[in-house]
Amino acid sequence: MANKNLSLNAIGKLVESEKFLENTEYVAQFLLGKLLIVDSNGCLLGGRISETEAYLAKDDEASHSFRGKTQRNAAMFANGGTIYVYRSYGVHYCMNIVSESENIGAAVLIRSIIPLLGVEIMKFNRKTENLKILCNGPGKLTQALGITIYDNYKIINESNIFLLDDGCKPDFMATKRIGISKSIDLPLRFVII
DNA sequence: ATATGGATGCTCT
DNA sequence: GAGCATCCATATG
């Protein structure tokens with residue numbers, strides 16, 4: 001425990017929990033360049049967030065929260081900083097970080113990270129040696145990091161999943177979101193340039 | 001380099 | 001029973 005915090009402190013400082021209470025588009029942009037790190041049985045896995053998408057509480061038909069709270073999306077209505085994981089296409093898991101306050105229903109989907117820590121373990125988890133395709137998709141990064149539905153409802157920085165700020169302030173651009181069929185024109189996808 | 005279709009399981013109508 | 005916030009293998013230019 002003390003060791004883990006020591007090694008995390010050497011990488012950067014934990015993102016303050018109040019940050020997740022800000023509005024969702026801001027959180028989605030803020031998360032770019034931050035380090036997403038998972039303590040997997042004592043091994044640190046993770047990398048730098050390079051792509052996010054905002055899913056809003058209001059007027060966003062593509063958001064899981066659009067039709068209200070259900071058993072599946074309940075974590076999305078928890079307080080900002082909660083992790084919302086769901087199964088996608090019956091095959092993969094996708095990971096979101098809830099934004100804003102309790103009962104709002106907004107979150108940021110982590111779409112891609114640049115692998116930095118525990119690369120050999122992530123290669124094993126993904127069954128590939130190719131760094132380019134290790135974590136470059138929402139289903140891929142959860143597989144690389146070992147994130148599953150059991151991580152649903154965990155709290156960032158109060159579990160084995162951490163967000164760190166090492167001072168990186170990347171340039172980014174906004175584009176349309178990917179892989180959805182409703183509200184497809186909203187510029188709510190953010191990518192490091 | 002881009003396009004396609006299959007795998008897969010769970011939620012909601 | 002439909003429809004997915006995906007990925008990969010395969011097929012073609």
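Which backbone lies 2.5 Å from a base oxygen of DNA strand B? A polar backbone atom of Y89 does. The model is predicted, and the distances below come from it.

## DNA strand B

Five residues are listed around this strand: T70, R72, Y89, G90 and V91. By class, the surface near DNA strand B has two nonpolar residues, two polar and one charged. Sugar or phosphate makes up 62% of the strand B atoms within 4 Å of the protein. Bases make up the rest.

Y89 reaches a base oxygen through a polar backbone atom, at 2.5 Å. G90 has a polar backbone atom 3.4 Å from a sugar or linking oxygen of DNA strand B.

## Y89 and N157: positive phi

Y89 sits in the loop between β4 and β5. Its phi is near 55°, a positive value in a residue other than glycine. Y89 is exposed, at 73% relative accessible area. Because the exposed class begins over 50%, Y89 falls within it.

N157 also has a positive phi, near 70°, and is likewise a residue other than glycine. N157 lies in the loop between α4 and β7 (161-165). Is N157 buried or exposed? N157 counts as buried, with 17% relative accessibility. The cut-off for buried is under 20%.

## DNA strand C

How many residues surround DNA strand C? There are 20, and the closest are H64, N96, R126, G139 and G179. Of the strand C atoms that come within 4 Å of the protein, sugar and phosphate account for 63%. The residues of this surface divide into nine nonpolar, eight polar and three charged. Four elements each supply at least two of its residues: β4 (83-88), β5 (92-99), β6 (106-117) and α4 (138-145).

Backbone atoms reach the phosphates of this strand. A backbone N or O atom of G179 is 2.9 Å from a phosphate oxygen of DNA strand C. For P138, the distance from such a backbone atom to a phosphate oxygen is 3.0 Å. For K140, the corresponding distance is 3.1 Å. Helix α4 spans 138-145.

## Nonpolar cores

In soluble globular proteins, nonpolar side chains tend to be buried together. Here the largest nonpolar core has 34 residues. Within this core, L31, L36, L145 and L163 have the most contacts. Helix α2 (residues 24-31) gives the largest share, four residues. A second, separate core has eleven residues, including M76, V98, A107 and L109.

What does L36 touch beyond its neighbours within four places in sequence? The contacts of L36 include L45, I49, M95, I110 and I113. L141, L145, I161, F162 and L163 are also among them. G46 and G47 complete the list. Two of these partners, L145 and L163, are themselves named with L36 among the residues with the most contacts in the core.

## Cysteines

The structure holds zero disulfides. C43 is in none, and the nearest cysteine sulfur, that of C135, is 15 Å away. C43 is partly exposed, with a relative accessible area of 35%.

Why is C168 unpaired with C135? The sulfur of C168 is 16 Å from that of C135, its closest cysteine sulfur, so the gap is too far for a bond. The cut-off for a disulfide is sulfur atoms within 2.5 Å.

Key: Residues are numbered from 1 along each chain as its sequence is written. Chains are lettered from A and ligands numbered from 1 in the order in which they are written. This is a predicted model: local features need pLDDT of at least 70, side-chain atom pairs count only at pLDDT 80 or more; totals for chains, interfaces and linings use all residues. Side-chain values use heavy atoms; hydrogens and water are left out. A residue is near a molecule or strand if one of its heavy atoms lies within 4 Å of it. A polar contact is a pair of N or O atoms within 3.5 Å; within protein, one must be able to donate a hydrogen and the other to accept it, and residues adjacent in sequence count only if both atoms are side-chain atoms. Ala, Val, Leu, Ile, Met, Phe, Trp, Tyr, Cys and Pro count as nonpolar, Asp, Glu, Lys and Arg as charged, and the others, Gly among them, as polar. A nonpolar core is a set of buried Ala, Val, Leu, Ile, Met, Phe, Trp, Tyr and Cys residues joined through side-chain atoms within 4.5 Å. Buried means under 20% relative accessible area, exposed over 50%, partly exposed in between (1.4 Å probe, protein chains only). Contact means heavy atoms within 4.5 Å.
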